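Me: Please take a close look at the interface between the two chains. I would like the contacts and the empty space treated together, with the cut-offs stated.

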Amino acid sequence: MVSEMKPDIAVLGVGAIEQHGSHLPIGTDWLIAKELSKRVAIALNALLLPAIPISMSECHGSFGGTVWIKPATLSAVVKDLVLSLHEQDILNLLVVNCHGGNFVLNPTIHQLNHEYPDMQIILSDETWPMSSNGKSIFEQSMTDLHAGEIETSLMMFLYPEFVKKKRVDYVPSFGREFLDYVTMDQISAEGVWGCSSKGTADKGSRAMTAQVEKITAYALNKFRMNP
Amino acid sequence: MISVYDSAELFIDSPAEIALLPLVGFTPSSYGTTELLITEICKRVTDQLPVETFLLPPWPYGTLPENDERAGVMVLHYETMALVVHDIVKSLFDHGIKKIVVINCLGSVNSSSALPDENSIVKTAVRQLNYENPELSAIWVQPFRVSGEHLKRLYGIEVTNEIVEKSILDYLFEHKGATESEDERAVWKEYANSISACNGQENEDAIGEKAFAEIIEAVVDYVMKTFSSIAMIKDIKKSGD
């Protein structure tokens, strides 16, 4: 019972429902967010909130299976959840964002920390570790944005039954900032930005372990407490 | 059925005609079982609808009574809830899905009005969406509400939500408790502990099975008839223009 546990920290995962090429399920970001936030919450002995399943995916344009909410809506959802936590004296919130397009989270959390000076709300670094214990995990980093080596590896580790064999490798010739100007379907016909053929379950496993360690250490340092 | 475990390719090969968006309010003491019930109901409804249907995962946060001060209760303001429903339904419509069913939590077996229990903002959001997008047919459904008369015949006139939920969970637990994901098994185990603590109560999975079937049939029937009626009304209007 929450009233008996009296948690100090809450963990909120943020996922997305959007196309991920033809080899990964549209629920990829949400499935990863659920798993990552659960593992982090266990490590922190925190209250695990249900991961938000839908967020700012309008960047994927006309690809089927993509569902979204607007930036202001996502911001409002996070604000309301923070108010709920504040009202029951859960004053530390870790937001584990697993969709790179949720840029509104940063200013929202910045503002919330000002509005609730007795709370600490932090946003975990969503970039996946490129190495662990001195050994590199992924081969591609700067060119891997969506449904590439990283996400394919994570899903091969977590949900191999939903990963299809057919892979597409595609890296456009311009930078990520172009998604501010056009949508993914205009850049990549297959919806992939990266090298999905390089994904392996072993990379996914190592990345997940390293990410949980990284986020947990960051949270403990920021919240200045021990589990 | 198309779900979030499928790739986007499926939307090209078998475009969805209907989308189902389940909404669940989050309170830690009940969330696990409410989500399981709604998920199971939605899966079966999706399977039985006669057209290709896209089933979304449950949206986990809702608007609860303002005075609900139980620990762990997470609430959205009504304006936020309206925005959530608006944005999700609109994004589905923008992808060409013109029939959208919002499963507005479970509702009440004793409800008889057109006002949804607990969550009238969802009704408002759906209404506005239909006004703003004439080609869209968005409807809200509460499974216990549309099957209320069937459930009263099954259980008797004094039936409550709690009685129905428990018997359906008993039935589903018998059939699903050991087979699902680790997270779902944890919820089922917790539920099993809670029912075993109730001394002297019989396991009512037999009636639960019937109730579950009645609810699914009632929801499917309501959805198809409602969309059919809306289409007829809109056709009448068009021909009268």
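Reply: The answer below covers the interface, then the cavity and a pocket.

The model is predicted, so local features need pLDDT of at least 70 and side-chain atom pairs count only at pLDDT 80 or more, while totals for chains, interfaces and linings use all residues. Residues are numbered from 1 along each chain as its sequence is written, chains are lettered from A in the order in which they are written, and side-chain values use heavy atoms, with hydrogens and water left out.

In the interface, 42 residues of chain A are in contact with 37 residues of chain B, contact meaning heavy atoms within 4.5 Å. Together the two chains bury about 3,200 Å², and 70% of that is on carbon and sulfur atoms; buried area is the accessible area (1.4 Å probe) that two parts lose on being put together, summed over both.

Between chain A and chain B there are 14 residue pairs in polar contact, both residues being at pLDDT 80 or more. A polar contact is a pair of N or O atoms within 3.5 Å; within protein, one must be able to donate a hydrogen and the other to accept it, and residues adjacent in sequence count only if both atoms are side-chain atoms. The interface also has 1 salt bridge, defined as a side-chain nitrogen of Lys or Arg within 4 Å of a carboxyl oxygen of Asp or Glu. K166(A) and E9(B) form this salt bridge, at 3.6 Å from N to O.

On the side of chain A that touches chain B, two or more residues each come from α1 (2-5), α2, β2 (47-52) and α3 (71-87) of chain A. Helices (H or I, at least four residues) and strands (E, at least two) are DSSP runs, numbered from the N terminus. The most, 8 residues, come from α3(A). By class, this side has 24 nonpolar, 13 polar and 5 charged residues; Ala, Val, Leu, Ile, Met, Phe, Trp, Tyr, Cys and Pro count as nonpolar, Asp, Glu, Lys and Arg as charged, and the others, Gly among them, as polar.

The whole structure has 1 cavity of 30 Å³ or more. A cavity is a set of points on a 1 Å grid over the protein atoms alone where a 1.4 Å probe fits but cannot get out, and lining residues have an atom within 4 Å of a point. Grid points are joined across faces, edges and corners, and a volume is the space filled by probe spheres set on the points. The largest cavity has a volume of about 40 Å³. Its lining includes G64(A), T66(A) and V67(A), together with F11(B), F54(B) and H95(B). That lining divides into 5 nonpolar, 4 polar and no charged residues.

How values were computed: On a 1 Å grid over the protein atoms alone, a cavity is a set of points where a 1.4 Å probe fits but cannot get out, and a pocket is an open set with protein on both sides within 12 Å along at least five of seven lines; lining residues have an atom within 4 Å of a point.
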